[in-house]
Amino acid sequence: IVPDKLVPTSTEFVDIAGLVEGASKGEGLGNQFLGNIRQTDAILHVVRCFDDSNIIHVSGSVDPVRDMDVINTELMLADLDSVEKRFQRVEKVARSSTDRKVKIEFDVVSRVKAALDAGTPARALKFDLPDENEVLKSLQLLTAKPVLYVCNVNEEDLKKGGNEWVRKVEERAKSENQKTVLISAQIEAEINQLSKEEQDAFLSDLGQKERGLNRLILEAYKLLNLITYFTAGKKEVRAWTIVRGTKAPQAAAVIHTDFEKGFIRAETYSCEDLFRLKSEAAVKEAGLYKSEGKDYVVKDGDIMLFRFNV
């Protein structure tokens with residue numbers, strides 16, 4: 001049965017103008033830039049890894065590691081400014097308080113402040129207690145956000161799988177326990193002007209299996225620990241985004257909170273089995289159609305039919 005409607009999931013990417021040295025003190029777009037970043041779940045740092053005399057670099061030369069350092073330093077300075085203010089307030093209360101939550105807050109703020117003073121981003125710190133992580137979340141730190149470095153290269157270097165600049169970015173990213181992805185913004189712009197058939201031919205000529213944008217989306221999903229499941233029916237097949245490890249009732253709540261409140265069971269099977277066997281009936285015949293309860297952990301690519309009653 002072909003559904004009447006196919007509805008993909010969506011992830012919002014916000015294009016934020018570049019940051020210059022001194023942004024934490026108001027240089028360039030300054031606070032506007034930092035404010036825009038605070039609203040995001042992750043940072044995709046696009047790093048220039050190509051040379052072109054027609055495109056002027058704000059610093060006068062191409063040096064992606066320097067650019068990475070500028071951004072990271074400005075974010076840390078902005079975080080340090082807000083953390084120091086919080087530290088001063090909490091320290092006064094912690095001196096005379098026996099409240100456990102106050103002690104936890106002071107410990108977290110102290111550790112974050114020490115890390116930032118040492119040039120270490122907040123995301124490098126590990127906190128085990130839920131209360132500790134709540135304090136960390138309340139600080140709204142820029143350097144607590146996960147980062148993906150996007151190496152922007154020209155056509156020739158995309159074909160070769162990178163260049164020396166890319167290798168340096170990869171090395172730095174690895175030292176920070178972060179990932180990188182290779183993309184050519186110029187090629188992506190050209191692809192957008194082509195039909196689907198022309199896109200496939202163009203990518204084939206470049207020796208690429210898929211668009212750089214697709215790789216970027218996939219890596220962004222991994223960065224945020226997200227997966228996709230599908231709800232299926234005659235009227236529509238729709239994709240939904242959840243955090244990996246989510247159980248069936250909470251996954252159902254993404255559609256509507258009533259689904260979680262009145263959850264009975266989830267009938268589920270894998271999209272890979274559907275692709276292989278061609279129909280839901282064949283999936284059932286193969287014994288791959290399951291009925292799962294409240295403790296079922298939804299898997300990436302699951303097709304779900306939720307049974308509920310409210």
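Start at Val-150, which stands opposite Val-181 of strand β4. This is a predicted model, and that pair of valines makes a handy way in. The two strands to look at here are β3, covering residues 147-152, and β4; they pair in the parallel sense, over 5 bridges.

Now step back to the sheet around them. It's an open sheet of 3 strands, in the order β2-β3-β4, and the pairing is parallel. At the edges you'll find β2 (43-48) and β4 (179-183), each of which pairs on one side only. Follow the sheet across and you'll see it twist, by an average of 25° from one strand to the next.

Next, the helices. Helix α2, made of residues 64-96, packs on this sheet and touches β2 and β3. Compare directions, and α2 makes about 145° with β2. Then there's helix α9, residues 212-223, which lies across β2, β3 and β4. Its direction runs at about 165° to that of β4.

Last stop: strand β5, which spans residues 226-232 and includes Thr-228. Is Thr-228 buried or exposed? Its relative accessible area is 14%, and buried means under 20%, so Thr-228 counts as buried. And what is Thr-228 in contact with, leaving aside its neighbours within four places in sequence? The list takes in Thr-9, Tyr-221, Ala-239, Trp-240 and Thr-241, along with Lys-299, Asp-300, Gly-301 and Asp-302.

Notes:
Residues numbered from 1 in each chain as written. Predicted model: local features only at pLDDT ≥ 70, side-chain atom pairs only at ≥ 80, totals over all residues. Heavy atoms only, no water. Pairing = 2+ DSSP bridges. Helix = DSSP H or I, 4+ residues; strand = E, 2+ residues; numbered from the N terminus. Axes fitted to C-alpha atoms, helices over the stretch in contact; angles between N-to-C directions. Contact = heavy atoms within 4.5 Å. Buried < 20%, exposed > 50% of the residue type's maximum accessible area, 1.4 Å probe, protein only.
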